[in-house]
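Let's take a walk through this model, from its charged pairs and hollow spaces to its strands. Have the structure open and follow along.

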Amino acid sequence: MTARILVVDDIPANVKLLEARLMAEYFDVLTASNGFDALDICDRTQVDVILLDIMMPEMDGFEVCERLKSNPRTAHIPVVMVTALDQPSDRVRGLKAGADDFLTKPVNDLQLISRVKSLVRLKTLSDELRIRHDGTRHAGIDDALRLTDGRLEEQAQVLLVDSRGASQERIVKTLKPIAEVSALSDPQAAVFEAAENGYDLVIVNSNLADYDPLRFCSQLRSLERTRFIPILLITEQGDEQMIIRALDLGVNDYIVRPLDPNELVARALTQVRRKRYNDRLRNSVRQTIELAVTDGLTGLHNRRYLDTQLRTLFARAKVRGRPLTICITDIDRFKLVNDQFGHDAGDEVLKEFSGRIRSTVRGADLACRYGGEEFVLVMPDTTADVAANVAERLRLMIEARPFQLRSGEVPLMLTASMGIATLGPGIDTPEQLLKQADRALYEAKNSGRNRVVAAAA
Ligand SMILES: [Mg+2]
């Protein structure tokens, strides 16, 4: 994992020290000796993480951080404040300024590298999601994706796994201003709890009785439903081996006993904010994908989706020697509906028609609007005979019930024609299969409409 780190400090010796340590881990390092240069660098080039000194002449670290976080171009870059050990209040101020994390001087090597790596990992994930989102941008979502400025819009849901009652109580109380904490002492029960309910964060105290805390963490990482929940591990001072292994397992952050309440709140907040941001991005990407494969009017899949899915289903049926049948259906004399009642009425008919298709198809079938008043059903593992029954059922359903238009007009009696084609000798591509079904549909139209015609095998 390589990334570009910007080190900002007014004392050259401090810059050199951090630069050397980061370069030893193969990070690409940029440096600045004051806030103005730092802002300038962030504006001009891509920076993945910023290590920011607080005490600097002219513009201090808090102001630099505030400016970075209020500029949309730089707001997503994680900022690590480097604070003096004797100034715990700086941490709270740093968080208010929007900092994502902090390190205390003198900076411990393991802390430096693990925090930077963890933030780079988070940022990489966010970047990837943001790029996908930008590629398929649609309105109204950008606002939802803005990183909140250090506050949470609602209480975080935190699951605490801790064997000792006294320590549970202390942590619940510390996190009370920002989170609703459920505390459990049994790790096994906690795995189920985490999978069942949507938590924003799991905090694991390494004091678990008779249970390896890392086993618990790896269980959370391996389950589909808990894979993305951030984990914060509480460990003993000096237990560096455990920390290294935990971070390797995908634990997001750690905190060392004795617990500093400010630090606990800060680390919990950072993880929760990042998770919510990534959840929102993930949802928006999913919505965008859904929009891209769905026909806006009818809610059925669109032609683009049909093209990709049919290719896959076709190849699979060929390889496994399984049947595959498709049906193209077209509303008879649809043009008259549009001409006589207008396009709104036409749209109503298409929606109702799609609803009837949806209620006819079976679980594994794929229903798509092919274009205009033409629809395609793809029926995997289905012979021509069975498909003809499905199509006949649909035909009857169209014919049997009139289409009620919203405008209060007289209900319309409509029918549909259907052409069926099945995978067999001489059909080597999905296009050929579609063409055959189309030919059968043409025949159905020509021989009087309102009927199902199967292409000759
Ligand atoms: Mg300084």
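Before we look inside, a word on naming: helices (H or I, at least four residues) and strands (E, at least two) are DSSP runs, numbered from the N terminus. Keep in mind, too, that this is a predicted model.

With those labels in hand, go to the interior. How many cavities of 30 Å³ or more turn up? The count comes to one, and about 50 Å³ of space lies in this largest cavity. Helices α5 and α10 each supply at least two residues of its lining. The lining residues include Asp100, Asp101, Arg115, Ser118 and Leu119, and Asn252, Asp253, Arg267, Thr270 and Gln271 are also on the list.

Some of those names come back when you look at charges. Asp101, Arg115, Asp253, Glu263 and Arg267 are linked in a network of salt bridges. Among these, Asp101, Arg115, Asp253 and Arg267 also line the largest cavity.

Now turn to the open spaces. The second largest pocket has a volume of about 320 Å³, and 17 residues line it. Which of them lie nearest its centre? They are Leu122, Leu125, Arg221, Phe228 and Asn252. Here α5 and α10 appear again, as the elements that give two or more residues to the pocket lining. Helix α10 gives the most, with six residues. Asn252, for its part, belongs to the lining of the largest cavity and is also on the list of residues nearest the centre of this pocket.

Back to charges for a while. Side chains of opposite charge can pair when their charged atoms come close. A search of the whole structure finds 35 salt bridges, and three individual pairs are worth a stop.

Start with Lys123 and Asp48, whose closest N and O atoms are 3.0 Å apart. Lys123 sits in helix α5 (residues 109-135), while Asp48 sits in the loop between α2 (35-44) and β3 (49-53), so this salt bridge ties together parts that are 75 residues apart in sequence. Are the two partners buried or exposed? Lys123 is buried, with a relative accessible area of 4%, and Asp48 is buried as well, at 11%.

The next pair stays within one helix. Asp279 and Lys275 meet in a salt bridge at 2.7 Å, N to O. Both lie in α10 (residues 261-293), four residues apart, which is about one turn of the helix. Their surroundings can be read from the accessibility values: Asp279 is partly exposed, with a relative accessible area of 24%, whereas Lys275 counts as buried at 13%.

For the third pair, move to helix α12 (residues 334-341), where Asp339 and Lys335 are four residues apart and hence separated by about one helical turn. Their closest N and O atoms are 2.9 Å apart, in a salt bridge. Both of these residues are exposed.

On to the strands. Strands of a sheet pair through backbone hydrogen bonds, either parallel or antiparallel. Look at β6 (residues 156-161), which is mostly covered, as five of its six residues are buried. Six bridges join β6 to β7 (residues 179-184), and the two run parallel. If you want a spot to check, the bridge partner of Val161 in β7 is Leu184.

Further along the chain is an open sheet of five strands with mixed pairing, in the order β12-β13-β11-β14-β15. Strands β12 (366-371) and β15 (452-454) stand at the edges with a single partner strand each, so one side of each is left without a neighbour in the sheet. On average, neighbouring strands of this sheet are turned by 20° against each other, direction ignored. At the β15 end, three bridges join that strand to β14 (residues 416-422), and the two run parallel. Ile420 stands opposite Ala454 in β15.

A helix goes with this sheet: α11 (residues 303-320) lies across β11 (324-331), β12 and β13 (374-380), running at about 130° to β12.

To finish, follow the chain into the segment after β15, where you'll find Ala456. Ala456 counts as exposed, at 65% relative accessibility. How far is Ala456 from Glu19 in space? The two are 74 Å apart, C-alpha to C-alpha, and 437 residues apart in sequence.

Technical notes. Residues numbered from 1 in each chain as written. Predicted model: local features only at pLDDT ≥ 70, side-chain atom pairs only at ≥ 80, totals over all residues. Heavy atoms only, no water. Salt bridge = Lys/Arg side-chain N within 4 Å of Asp/Glu carboxyl O. Buried < 20%, exposed > 50% of the residue type's maximum accessible area, 1.4 Å probe, protein only. Pairing = 2+ DSSP bridges. Axes fitted to C-alpha atoms, helices over the stretch in contact; angles between N-to-C directions. Contact = heavy atoms within 4.5 Å. 1 Å grid on protein atoms, 1.4 Å probe; cavity = no way out; pocket = protein on both sides within 12 Å on 5 of 7 lines; lining within 4 Å. Points joined across faces, edges and corners; volume = space filled by probe spheres on them.
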